[in-house]
Amino acid sequence: MSPGLQKDANAVVVIVGSGGRESALAWKLSQSPNVRRILLVPGNGYTGSFCSQKISNGFLDLDNLSLENPSHFSRFSDRCKTEKVSLVVIGPEAPLAAGLADHLGRESIPCFGPRSQAAKLEWDKSFAKAFFDKYGIPTARWKSFTKSEEAVEYINSASFDALVVKASGLAAGKGVIVCSDPEEASRTAHDVLDDRSFGEAGSSIVVEEKLDGPEVSVLCFTDGETVVAMPAAQDAKRVGEGDTGPNTGGMGAYVPVHTSILSQPDYDCIVRHVKATVRGLKEEGCPYVGILYAGVILTKDGPKFLEYNCRFGDPETEVLLPLLESDLYEVLLACTNGSLSRTSVKFSADKAAVCVVLASGGYPNASKTGKHVDFGREVRDFIFGENALVFPAGVVNNYNELKTNGGRVLMVVGMADSLPEAAVIAQNAASSIKFDGKQYRKDIGYQSIVRSLTSQTGLTYKDCDVDIDEGDRLVSEYIVPEAKQTDRPGLLYGVGGFGGLFDLTQLNYKSPVIVSGTDGVGTKLLIAEDCGKHETVGVDLVAMSVNDILTHNAEPILFLDYFATGKLSAETAGLVLKGIAAGCKKSNCSLIGGETAEMPGMYPPGRYDLAGFAVGIAEKDQILPRIDSIVPGDIVLGVASSGIHSNGFSLVRRVVENSGLDYNSPAPFNHDTSLGDALLVPTKLYVKSVLPALRTGKVKAASHITGGGLTENIPRILPKNTDAVLEASSWPVQPAFSWLWSAGGVSPLEMARTFNLGIGMTLVVGPESVDDVLSLIRECGEEVFVIGKVTEGTHKVRISGLESALLSSYMTWAVRTVDDKAVLQKQIQKKVQVGVMISGSGTNMEALVAYTRDPRNESVAEVVVVISNKASAAGLEKARKLGIATEVVDHRKYGEDRQAYDTEINRILVGHGVEMVCLAGYMRICSTVFVDLWRGRCINTHPALLPSFKGKNAVGDALKEGVCVSGCSVHFVEEKVDVGGIILQAPIYVCPTTDTHDTLSDRIKKVEHQIFPQAMEAVCRGDAKWAASEGAWKVQWNNFDKYHKFLKNLSTE
């Protein structure tokens, strides 16, 4: 072993580079007891002035030193010898390609970094792709070119999407262009090869297959024999949030990557291929020493290698090194001397790190420099407060004042026990640092954050020994038929409603009916017992029964209780009875009796159980629900709950147990109260606030949201042939529910069939009665919302936007800054942004929105704006009620200048981030200006089976011709009317003797509302494309079987 490889406290380490990666390396190496001094060459303005004496910029007297120029290597190595340098660590790729590691090896100076021939894996993309093929490393199909015309021919003739164009040489991480269509790919090939947009790095290019899937980075240490992989990281390559805009050197990264993105088998597969790469390089006579960094895309066919980088990734290094528990200096030495197999390399398995890059304004196309950097605090040795680090990159020191030097300026890192916490720390730090033109992404890590909050491997009620499905079977197969056997004259409503109804004509009512109900408080009692807080459960007991009988329009008149315990405490029982009395007073009913049972051995000491029985009176002709009167189009109102009420507490208690909290801990969603007090908020009593509205006769049915949540209770009041369609964004989901969702990993469906989610009671009213009922309830001091409507269906509840509503609620307490809230709300899932253009009622627009918001569809589309040429279009108000932005461009202001009009339309669409356009009853002919911009990304629905009956009078023309079959078509838009490629069609049978224009139009619309969303989804997913092929434009399908199956099952009656 050479003297420079000895481990002692006097080691001098030189780090080549000046970026955030090199700052992170300096920070980590400074923690080694073996390192005395760290010199960065050239370093940056921060490392030269704001670090401890251990870290500084070095070799400053070597004028104009460039380690990308081999003629400068000797001056550098001579100085390394003079300074007795123990190790040189090469950060960027250019010195490696130039052969700096080769030179240092010849001078016997230990160097961490591969020789030039091994680094060719990065600096020559054509070489790398050929190497992949030779050694069986899975990668995209590809071909290299030096002539643009040959590349263009390949792009347009390949049997796959040859849409990725790569400069073969080094392009600072920006030389990969992922194109949307062959036309863009062809232009890019010309730009790179002919116009040299990447300089000499683009003297040759690789054109390869565009693959779909998330990308990950796996960095590995190697000494040429042994390979030790680091945890996988995921970086953000594009400049804009949601992975939009041009490629950059990286705008952020995070660790760990959620297992739903990268499974352990896929990670192991990647590492195996890296090891095969190291073996292959050794066989070819160029052993590899340093970092081998695999950029991998995770496709449906398994991991595929996109590229290799031959150095520490930037910004991956900034999140990996904070998690490294081993001595970095010892690990790097082991790689240089071949002893990695005998060296411990350990990363923290229970920590997370998120890096947010702060870049100069205009980056990556241009960069502003000379802007003052204000940390807002003293930052020494990279420490930015508790659990945060800052790694400077593009900064200079101007008279002891730090200023921007263009490009990526700072890398801010947050560290915590969980990824959401680390993201919040990093974002808060990023927002607090100031400099003019600062830009940064606020969505770093969102892919894994959302999965960690909504993991499908999370808890279900069944895991807690409460099986809803088995309970439903018990009701349907045993309870209902057995109860039916007990029917007797006078029984009006038995099992299945919220109370039993009996006709009592002897009372002083016009036609009185007794309504009875019984309920308990469930395992919420265990929390009350553990907290020693007993008054509120008495209120719960009353509320659960009187709210049930209230749904039948009954006013409660009396209440009875049952209190059972293993050992009676008068004080405890007295507090419970006090709460019962308070609940009775609020409900205007009398506490007339009950039972107190002391049963040793039945209950453990300190435990008790409760049951309650309520009796009320209703007028016979006013009894609810009036199920026969409920029709599609009726409105569902939701009255706010006070919290969790008294159902689902087996699941609540399991979440608390798994969270490691106790009931005396501050509530995570409300630090002003304890978790126990927050969970024990009593069930809301609705008698005084809702009964006046019920007595008006304007309410058709009411449902108390108890056990079974929204999805199990509302169907109890619906006709069998209807559904209730709810929009979760129409009411505020209370923080307690989003905490249960996130802390327990409970799926949105499980939440909806277990809890009330902020709605304690629902009412069904006709559209004409909505305002009156809302006003009555609000006058009584209650919060009430329009939350949905009744539609034709199969006796179910469908809730759209629930995951978004849960995440929005989560952000109100989990994320502290406004910027964080806005970005996480947008980034629940990356969606294709859709603009809809209308001229009238907007029914097709409603169908598109409904489809995208129904979680069962797992749509990749999101309608973000609705545009009309008419301010009076009824669809605009519908869009506003759905929370969608609207725009009006009055075509009359443009006269005959269609191109000027469409230019304004284009501006608005682009401004809203629209990626696809749907024309939904849009009565304008599109000009060349519009079609050229949106070709292949704009579709229209037409009420006929094209190519028959084109134009605006298609239905009338079909009737005039006496055809027996018409229908509807969804097609791509071209400048000529109704000539673009057909995506989907559905036939409608016409009866020439009975069909009118209105009847046929109505039937066509019903089918349009089904196939239009499917066509939109097909285009958004890339399943259907409008592309040039053999000199003609054609619709190209990737997955038609799914849509064919849909069309076969489509009802067109």
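This is a short chat about a sheet, two cavities and two buried residues in a predicted model.

Visitor: What order do the strands take in the open sheet?

Guide: The order is 6-9-7-8, four strands in an open sheet with antiparallel pairing. In this predicted model, strand 6 (142-145) and strand 8 (176-178) are at the edges. Each of those two has a single partner strand, so one side of each has no neighbour in the sheet.

Visitor: How much are neighbouring strands turned against each other?

Guide: On average by 20°, with direction ignored.

Visitor: How many bridges join strand 6 to strand 9?

Guide: Four, and strand 9 covers residues 205-208. The two strands run antiparallel. As for K143, its bridge partner in strand 9 is V207.

Visitor: Which helix packs on that sheet?

Guide: Helix 7, residues 148-157. Helix 7 touches strand 6 and strand 9, and its direction makes about 160° with that of strand 6.

Visitor: Other end of the sheet. Where is G175?

Guide: G175 sits in the loop between strand 7 (164-167) and strand 8.

Visitor: Buried or exposed?

Guide: G175 is buried, because its relative accessible area is 8%, and the cut-off for buried is under 20%. Beyond four places in sequence, G175 contacts V165, K166, A167 and F198.

Visitor: How far apart are G175 and N247?

Guide: They are 8.0 Å apart, C-alpha to C-alpha, with their positions 72 residues apart in sequence.

Visitor: Changing topic. How many cavities of 30 Å³ or more are there?

Guide: The structure has two. The largest has a volume of about 40 Å³, and the second largest holds about 30 Å³ of space.

Visitor: What lines the largest cavity?

Guide: The lining consists of L121, K125, A128, K129, F132, K166, L306, E307 and Y308. Helix 6 (125-134) and strand 17 (302-309) are the elements that give two or more residues to this lining. Helix 6 has the largest share, four residues. K166, one of the lining residues, is also among the contacts of G175.

Visitor: How do the residues of that lining divide into nonpolar, polar and charged?

Guide: Five are nonpolar and four are charged, with no polar residues in the lining of the largest cavity.

Visitor: And which residues line the second largest cavity?

Guide: I90, L96, F112, G113, P114, G290, I291, C310, R311 and F312. That lining divides into seven nonpolar residues, two polar and one charged.

Visitor: Now T852. Where is its place?

Guide: T852 is in helix 27, which spans residues 843-853.

Visitor: Why does T852 count as buried?

Guide: Because its relative accessibility is 11%, and buried means under 20%. Setting aside residues up to four places away in sequence, T852 touches S859, A861 and M1016.

Visitor: Which other residues of helix 27 are buried?

Guide: Besides T852, the buried residues of helix 27 are N844, M845, A847, L848, V849 and Y851.

Visitor: What covers the buried residues of helix 27?

Guide: The cover includes four strands and two helices: strand 38 (832-838), strand 39 (861-868), strand 41 (916-919), strand 42 (938-942), helix 28 (874-881) and helix 32 (997-1020).

Key:
Residues numbered from 1 in each chain as written. Predicted model: local features only at pLDDT ≥ 70, side-chain atom pairs only at ≥ 80, totals over all residues. Heavy atoms only, no water. Pairing = 2+ DSSP bridges. Axes fitted to C-alpha atoms, helices over the stretch in contact; angles between N-to-C directions. Contact = heavy atoms within 4.5 Å. 1 Å grid on protein atoms, 1.4 Å probe; cavity = no way out; pocket = protein on both sides within 12 Å on 5 of 7 lines; lining within 4 Å. Points joined across faces, edges and corners; volume = space filled by probe spheres on them. Nonpolar A, V, L, I, M, F, W, Y, C, P; charged D, E, K, R; others polar. Buried < 20%, exposed > 50% of the residue type's maximum accessible area, 1.4 Å probe, protein only.
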